[in-house]
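Colleague: Before I rely on this model, I would like to go through it with you, beginning with the whole chain and then turning to single residues.

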Amino acid sequence: MKSHARVVVVGGGVMGVGLLYHLALEGWDDVVLLEKGELTSGSTWHAAGQCPHFNGSLNMTKVHVYGTELYSKLQKLTGQAVSWHGCGGLRIAQTDEEVNWFKYVLGISKLAGYEAEIIGPNEIKRHHPFLETFGVKAAFRTVTDGHVAPADITNAMAAGARQLGAEIYRRTRATGIQQLPNGEWKVSTDKGDIVCEHIVNSAGSYCDVVGSWTGHNVPIANMLHHYMITEPVQELIDLKMELPVVRDPYSHAYLREETNGILVGPYETETAHVCWNGQPPAWEFESELIAPELDRLTPWLERASERLPLFAKAGLKSVISGAITHTPDGVYLSGPAPGPKNYWMHCGASIGICQGGGAGKYLAQWMVHGRAEINMREFDPRRFGNWASKAYTAEVSVADYHHMYYCYKPAEQHEVGRGLRMSSLHDRLKAKGAQFQQIYGWERARWYDPSGKGEEFSYRRSNWWKSVKAETLAVRERVGLMDLSTFAKFDVTGKDAYAFLERTCANKIPAKDGGIILGHLLNENGFIESEITVTRLAADRFYVLSAAVAQLYDMDQFHWRMKDGERVEITDVTDAFGVLVLAGPKARDVLSACTKADLSNTAFGWLTAKQIEIAGVAGVRALRINYVGELGWELHVPMKAMPRVFDALMKAGEPHGITLFGTYAMNSLRMEKAYRGWGGELTNEVDMFEASMDRFLRLEKEDFIGRAASLSLKQRGPRIKLVYMEIDANDNDARGNEPVYRRDKVVGITTSGGYGFAVGKSLAFAFVEPALAKAGDEFEIMMLGEMRKGRIISEPAWDAKNERPRA
Ligand SMILES: Cc1cc2nc3c(=O)[nH]c(=O)nc-3n(C[C@H](O)[C@H](O)[C@H](O)COP(=O)(O)OP(=O)(O)OC[C@H]3O[C@@H](n4cnc5c(N)ncnc54)[C@H](O)[C@@H]3O)c2cc1C
C-alpha cells in the first residue's frame, strides 16, 4: 500500500468508484480508494439498478443524463461487460398538479437534452400493454431511461480508473482520519497509514461514522427498502420488446420487467423507518440483506397488482431488502465538508446507481479545477448546518422517503422537522397569518394569509395572489415591514480586516466608516462563488451579510481565503441579530417616530449605515439599503429586543397603513427593480460579465482573488448573457429553468421570475446567446408546456433612475 496519495476515497460503492474514475479521467492518477470488503458490498450490489431521467431539478437532471449516457458506453470505454437495458420509462400522473409538474419537467428535458413527451392514458397502452390506466391523467414518457446491473457499472468504472493509474485497496478498512499540521490528512487503516492532500468520505451507510472521526455532522439516515421479483410470466416471454420502467404514485412503486418476470419496489408512505434502530451497521456487515418486513408492504403490493395485474398472477421468486442512505431533502451530499479545506463528502445517495457516474464527474471537476460546470449548490453538504441534528435527520429523511412518489408543489415542504430556528417575532408574525417556509432551519414568512386557510400549493398562481399584491403595493405606495432575520451575518474584525476584504471581494471596500457595498467573491477562475454586503463599522471592523443558506459556505469562503499570519477574526453573529426591513415612501416618517437619530438624506444617505437607538433599544445597526428598491432601512436589532422594536414600528406605522410583507412580495419587488439573486442569476457557472455585474468588478484594484482570470474573461467575451424580460404570461410566472426559444431552437434559459404588481408585468431573468441579448429582442419561453412571448427590456421596470431609494 502507498504511504502518500493526492486523494484517498473511503468506500468502494458506486459513488466512491464513480468519483475515482472521473478523478482519473480529469488527469489525477495519484488517487487511491479504500474498501473494507469487496467493491459494491455495501448498498450498491443489491440495488434494482433503475436509471431515470425525470427530475424537477435541472442540475440533478444533468447528473442523471450524464450517467445514463456513460453507462450505455462504459463497456466500450473500459472493456468490462455492462448489461445496459435502454427500455425507457413511464411516470404516471393522477392529479392536475402532477400534470403541471410534468409540463415543467418537460421544459427541463429540452434544456438537458433528453427525449421525452407527455402522453395520455390511451397512448400509455401502446408502450405498456399490460398496465391498467384507472385514475391516470397522463404519463411522462422518457425514451432513453433504462436499468443496469449496479455491480457491472461499478466494476467497469473501477477497471477504467485502474487503467488510468488509480489504485484500489480491497479489504482495507479506514479506522481513523486526522488532519496533520501541514493541512494534509492522515488516514489510518487496518493495513497501515496513508497520508493524502484530499480525503473523500464515500462510506455509504457508514458515512456518518467516518464523518464523526473529524467532528463532521453527516446528515443521513439508513432506510430499509425492498423490492421483489417474480418468476417469469408467459406474457413477457412472448413479448418482443422490453417494457418501460413504470413509476406509479398509486402503488408508490416502480414496476419493471426483470428476466421475463416482474420487479416491484414500493416506497411505503407511512410505515417505512430507519434500519438498525438508527445505529451504524457492524463493520463486518458485507454483501448481506436485512430481514424483510413484508407486512408493511402488503397494501402497496395490492395496489401494484391492481395497476399491473400480471404481477398478481406470477409467483414470487425473491425479495431484496437492504439499506439505502437518505438525506432530509433526498439529495446526496457532494462537495466540501464545512471546516478545514480538502475534506470532501460524496455520500448519502438514495438513487446512487443512477447518480454515481454524474455525481463523480461533477465532483471531480470541482476538486481538480476549482469549480464544476454545473451549479453544485443543491449537492453541497453545507446546505445543512448543525441544526440538522441526528433526530431531525432521522425524522425528515423518513418523511422524505415516504414521499418519494409524491408531487411536492413549489413552496410545499415536509411538515415534520419544523420550528428549529425562529426569530423572536415568530409568534407575533404567526398571529398575523404568516405562512412560514423553512430555510436553512429557519422559519421565514412567505406571505400573510388573512383568511387563515393556508396556501393552496400549486405550479400556477394560487390563493396567495391577492394578499401578495396588497403587500407589494403597500411597500410601493406606503410602507411595509418584513422580518428578514435569516441573513447569515458575520463580524470581520482585526488590523488586517480591510486588506483581507479588499483581496477577497471584487468590489472596492468602503474607505469611510458607515459605507456599504455589494461585493462578490470570485474563484481563481473568475466565476462567482458568493455575494455579500459589506458595511464598514470602523477601520478594523466590518459587518458582512450573505444569504441564509450560505452561513457555513461563506464562513469557509472567508477562512480559505485568509493568509497565514493575517490578523483577521471572523465571528458568526447570525443568531445575535434579527433583521427588520422597513421600506416604502413613508419609511422615514415611521422610523423617525421611534428614534432620535437624524434620518435626513444629508445625515443618513443611501448606502450608508449607523448604529442608532430605536424605541429605547441601543446598538441597532441601521443600514440604508434594501432589496425592494424603496426608501428604507434594514434594521439589525439585537435578537432579544426585536419584539420591542417591531411593536414600536408597527404602532408608528399604523397611521401610514404599515403592512407586513413576506418573501413572495420581496421577490416581486426585486424583479421590478431587476435585482439579481445569488443562486439564481449569480452562480459558479458564470462570470461577472456574463451576469451583467461588471459594474461591481473593480479591475483597477491592484489585486483580488479572480482578478487575473476576470481580465482574460473580459478579453474572451461572454459565452452567454443575462437579460431581463417581460413575458406575456398567463396564470403562471417564470420560476427558473424554463427553456427560451428563438424560431424553435433553444437559445437560453430562465433563471428566476415573478409578477410585478406595481408595473403589471410578468418579469424574468434569462441567460441567452450574447448575439441575441439586445433590447426589444423577442423570444418564446416554454412555461408549463405553453409557448409564451417574452421581450428584453433594457432597464428596471420600476424606478429605472433609482430615485426612490435615494429619496
Ligand atoms: C433495495 C434497494 C434498491 C435500490 N434500487 C436502486 C435503483 O434502482 N436505482 C438507484 O439509482 N439506486 C437504487 N438504490 C440505492 C443505491 O443502492 C444507493 O444509492 C447506492 O448504492 C449508494 O452507493 P454508495 O457508494 O454511496 O454506498 P455503498 O454502496 O454502501 O458503498 C459504500 C462502501 O463503503 C465501504 N466502507 C464503509 N466504511 C468504510 C471504511 N471505514 N473503510 C473502507 N470502506 C468502507 C462499504 O463497505 C461500502 O462498500 C437501491 C437501494 C436498495 C437498498
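Modeller: What follows is a set of questions and answers on a predicted model.

Colleague: How many helices and strands are there in the chain, and what is its radius of gyration?

Modeller: The chain has 19 helices and 37 strands. For 807 residues the globule rule gives 28 Å, and the chain comes close to that value, so it is as compact as a globular protein of that length. Its C-alpha atoms fill a box of roughly 85 × 60 × 50 Å along the principal axes. The counts asked for are therefore 19 helices and 37 strands, and the radius of gyration is 27 Å.

Colleague: Among contacts between residues at least 6 apart in sequence, what percentage joins residues at least 24 apart?

Modeller: Buried residues, meaning those under 20% relative accessible area, make up 61% of the 807 residues in the chain. The accessible surface comes to about 29,800 Å², and 49% of it belongs to carbon and sulfur atoms. For the contacts you ask about, the share that joins residues at least 24 apart is 72%.

Colleague: How far apart are the mean positions of the positive and negative charges of the chain?

Modeller: The chain carries 91 positive and 98 negative charges, with Lys and Arg counted as positive and Asp and Glu as negative. The distance between the mean positions of these two sets is 5 Å.

Colleague: Which geometry does the aromatic pair of Tyr267 and Tyr405 have, and how many residues apart in sequence are the parts that it ties together?

Modeller: The search of the whole structure finds 32 aromatic pairs. In the pair of Tyr267 and Tyr405 the ring centres are 5.5 Å apart and the planes stand at 75°, which is over the 60 degrees required, so the geometry is edge-to-face. Tyr267 lies in the loop between β15 (261–266) and α8 (298–307), while Tyr405 lies in the loop between α11 (390–402) and α12 (426–431), so the parts tied together are 138 residues apart in sequence. Tyr267 counts as buried at 7% relative accessibility, and Tyr405 counts as buried at 7%; the answer is thus an edge-to-face pair across 138 residues.

Colleague: Which residues form one aromatic cluster with Trp464 and Tyr664?

Modeller: Trp464 and Tyr664 form an edge-to-face pair, 5.3 Å centre to centre with 65° between the planes. Trp464 lies in the loop between β20 (442–448) and α13 (465–477) and Tyr664 in helix α18 (residues 663–672), so this pair ties together parts that are 200 residues apart in sequence. Both Trp464 and Tyr664 are buried. The other members of their cluster are Trp465, Tyr755 and Phe757.

Colleague: Is Thr535 buried or exposed?

Modeller: Thr535 is found in strand β24 (residues 528–538). Leaving aside residues up to four places away in sequence, Thr535 touches Gly515, Ile516, Arg541, Phe542, Tyr543, Ala609 and Leu623. Its relative accessible area is 0%, and so Thr535 is buried.

Colleague: Why does His128 count as buried while His656 is partly exposed?

Modeller: His128, in the loop between α4 (121–127) and β6 (138–142), touches Leu90, Leu243, Pro244, Val246 and Leu308 when residues up to four places away in sequence are not counted. His656, in the loop between α17 (642–653) and β31 (659–660), touches Arg478, Val479, Lys586, Asp589 and Val590 on that basis. The division between the two classes is at 20% relative accessible area, so His128 counts as buried at 2%, whereas His656 is partly exposed at 23%.

Colleague: Which residues other than glycine have a positive phi in the stretch around β28 (609–614)?

Modeller: One of them, Leu607, is found in the loop between α16 (587–592) and β28 (609–614), where it is partly exposed with a relative accessible area of 33%; its phi is about 65°. Another, Ala615, lies in the loop between β28 and β29 (617–623), and its phi is near 50°. The residues are Leu607 and Ala615.

Colleague: How far apart in space are Asp799 and Ala24, C-alpha to C-alpha?

Modeller: Asp799 has its place in the segment after β37 (786–792) and counts as buried at 15% relative accessibility. Asp799 and Ala24 are 775 residues apart in sequence, and their C-alpha to C-alpha distance is 53 Å.

Technical notes: Residues are numbered from 1 along each chain as its sequence is written. This is a predicted model: local features need pLDDT of at least 70, side-chain atom pairs count only at pLDDT 80 or more; totals for chains, interfaces and linings use all residues. Side-chain values use heavy atoms; hydrogens and water are left out. Helices (H or I, at least four residues) and strands (E, at least two) are DSSP runs, numbered from the N terminus. The radius of gyration is taken over C-alpha atoms; the globule rule is 2.2 Å times the number of residues to the power 0.38. Buried means under 20% relative accessible area, exposed over 50%, partly exposed in between (1.4 Å probe, protein chains only). Contact means heavy atoms within 4.5 Å. Accessible areas come from the Shrake-Rupley method with a 1.4 Å probe; for residues, only the protein chains shown count as cover. The place of a charge is taken as NZ of Lys, CZ of Arg, CG of Asp or CD of Glu. Rings of Phe, Tyr and Trp (its six-membered ring) pair if their centres lie within 6.5 Å; planes under 30 degrees apart count as stacked, over 60 as edge-to-face and the rest as tilted.
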